[in-house]
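Let's walk through this structure together, going from the whole chain down to a single helix. Please keep the model open beside you as you read.

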Amino acid sequence: MLVSHVVPAGAFSPLDSFRNAVRRNQERIVYWSDSTSGITLAGAGEAYSIKVEHNGPDRFAEVEEKWRAIAANSMQSFQPEIPQTGLLLMGGGVFDPLKARSERWEHFANAEFHVPQILLTQTEGKSWLTLNYLLQGKEDFREITQYLMAACEWFLAEPGKPRPIAKNSFSVEAENPDRWLQLVDEVAQRIREGEWKKVVLARELRLHSENSIAVAEVLQRLHEDQPESHIFAFVHQGDCLLGASPECLVRREEDCFYSTCLAGSIRRGKDQPEDQMLGEELLQDPKNQQEHRLVVQMISDKLKKYCEALEIPAAPFLVKLKNIQHLCTPLVGKARPGTSLFHVAADLHPTPALGGFPQQAAMKKIREEEPFDRGWYGGPLGWADARGNGKFIVAIRCGLIRGKEISLFAGCGIVGDSEPLSEYEETMLKLQPMLAALGGN
Ligand SMILES: C=C(O[C@H]1C=CC=C(C(=O)O)[C@@H]1O)C(=O)O
Ligand SMILES: [Mg+2]
């Protein structure tokens, strides 16, 4: 039986708790901050975990089934009306279960979710501490209590002054940009010939850092630079996937589903007039409109199956982040009875913002041509509670940190009018937030 105990806590900071958990080399650590909901949390340890290693198509159905079973067999001491407290499942999955797995991603399973043992949730200046424990029947309650009390102590300890974010030096592993440019050219050509409508091609940028990376400091910098995005870190046995994603795949809140269609990009201007001009250009540009339209079409077609009244805005608006502006169309609909977050997430993934259109043909091309493993980059990442609420974002603008080795990822939606060099520049814009947060330039 999974037992969950929630108590109001003082003014503790999830980032400090995350830092404490990293210092204690906890095998599982999670950090999640969502500016839309105003909730930030850090969790450590695993009271319960669900791991799917096979590459069958029903990985999220399996996760959901196990989650429902354990949630039904759980006991909660007290459940405040605060989302993301108490029983909470956090995790994600790979972009493409059929792609050969690289060693780099060895600690990130096909789909993998955890209920943290200890969780600090902060909202509106207040925080809540959750303790979760899986009772198996023979345990010594005194031992469990001592163990959990000790966990509270180190998790909530004052971590001392954070290290200032030092300028770090990196060496960049040689890439073959010409190969990528050629691939974009070939794909755009074949799109013009009618083979696909869109294929999202990505790059992996590999860095070697001179110093080991202080991941909590990287998160702090992402908070400062990317306040509108979802800021996340998933630490699995010391390896850390972290980033700041602006893209929500699907959110379920009570009886509504929400999704943000995000695709189509341009840089920010040097001053306000230039910025506005670039924004106008993006809104009017047929190539970016096409990139965007395919995403809205696919997501809204799928959501119509799960929603009674889907609201689809007639035109996208601009989302302006520090280094880039995007076309954005938010969707919302009333969930039909019997529909679930996991099911919708599995059906939407990958949208044409990360895969392409038609979905399976585009995935096949990506699988065959990309010379690296995307791992969890581009995959669904998020949380679910025991009441059916939750949110999956798309893991973009992120990187994987393994000691001093870092992999950053960025992709671009290729359509018939794509020009290889400008797509390459777009990947550079998308790599900026992580490069800056790592202390490079
Ligand atoms: C694939 C990525 O971005 C997607 C999301 C927004 C805009 C995109 C674009 O304009 O190409 C991409 O579809 C990435 O950041 O790696
Ligand atoms: Mg684009």
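What radius of gyration does the protein have, and how does that value stand beside the one for a compact globule of 441 residues? The protein has 21 Å, and because a compact globule with 441 residues would be near 22 Å, the two agree. Bear in mind as we go that this is a predicted model. Along the principal axes, the C-alpha atoms fill a box of roughly 70 × 50 × 45 Å.

Inside that box, the secondary structure comes to 10 helices and 23 strands. Of the 441 residues, 48% count as buried. The contacts are worth a look too: taking those with a separation of 6 or more, 77% join residues 24 or more positions apart.

Now turn to the domains. Domain 1 covers residues 2–155, whereas domain 2 is made of two segments, 171–214 and 246–437. Their C-alpha centres lie 26 Å apart. Where they touch, 27 residues of domain 1 are in contact with 28 residues of domain 2. On the domain 1 side, helix α2 (59–72) and strand β6 (88–93) each supply at least two residues. The largest share of that side, 6 residues, comes from α2. By class, the domain 1 side that touches domain 2 has 17 nonpolar residues, along with 5 polar and 5 charged ones.

Next, find ligand 1. Which residues come nearest to ligand 1? Among the 18 residues around it, they are Ser265, Ala353, Ile396, Gly411 and Gly413. Three strands each give at least two residues to this shell: β11 (198–209), β15 (256–267) and β23 (405–414). The shell divides into 9 nonpolar, 5 polar and 4 charged residues.

Finally, have a look at helix α8, which spans residues 341–348. Why can α8 be called largely enclosed by the rest of the structure? The reason is that 6 of its 8 residues are buried. These buried residues are Leu341, Phe342, Val344, Ala345, Ala346 and Leu348. They pack against three groups of neighbours that you can pick out in the model. Two are helices, α2 and α7 (286–306). Strands β14 (248–253) and β15 are also packing partners of the buried α8 residues, as are β20 (380–385) and β21 (390–394).

Two of these partners have appeared before: α2 supplies residues to the side of domain 1 that touches domain 2, and β15 supplies residues to the shell around ligand 1.

Technical notes: Residues numbered from 1 in each chain as written. Chains lettered and ligands numbered in written order. Predicted model: local features only at pLDDT ≥ 70, side-chain atom pairs only at ≥ 80, totals over all residues. Helix = DSSP H or I, 4+ residues; strand = E, 2+ residues; numbered from the N terminus. Rg over C-alpha atoms; globule rule 2.2 N^0.38 Å. Buried ≥ 20, exposed ≤ 12 C-beta atoms within 10 Å, placed from the backbone. Contact = placed C-beta atoms within 7 Å. Near = placed C-beta within 6 Å. Nonpolar A, V, L, I, M, F, W, Y, C, P; charged D, E, K, R; others polar. Domains from an automatic or database assignment.
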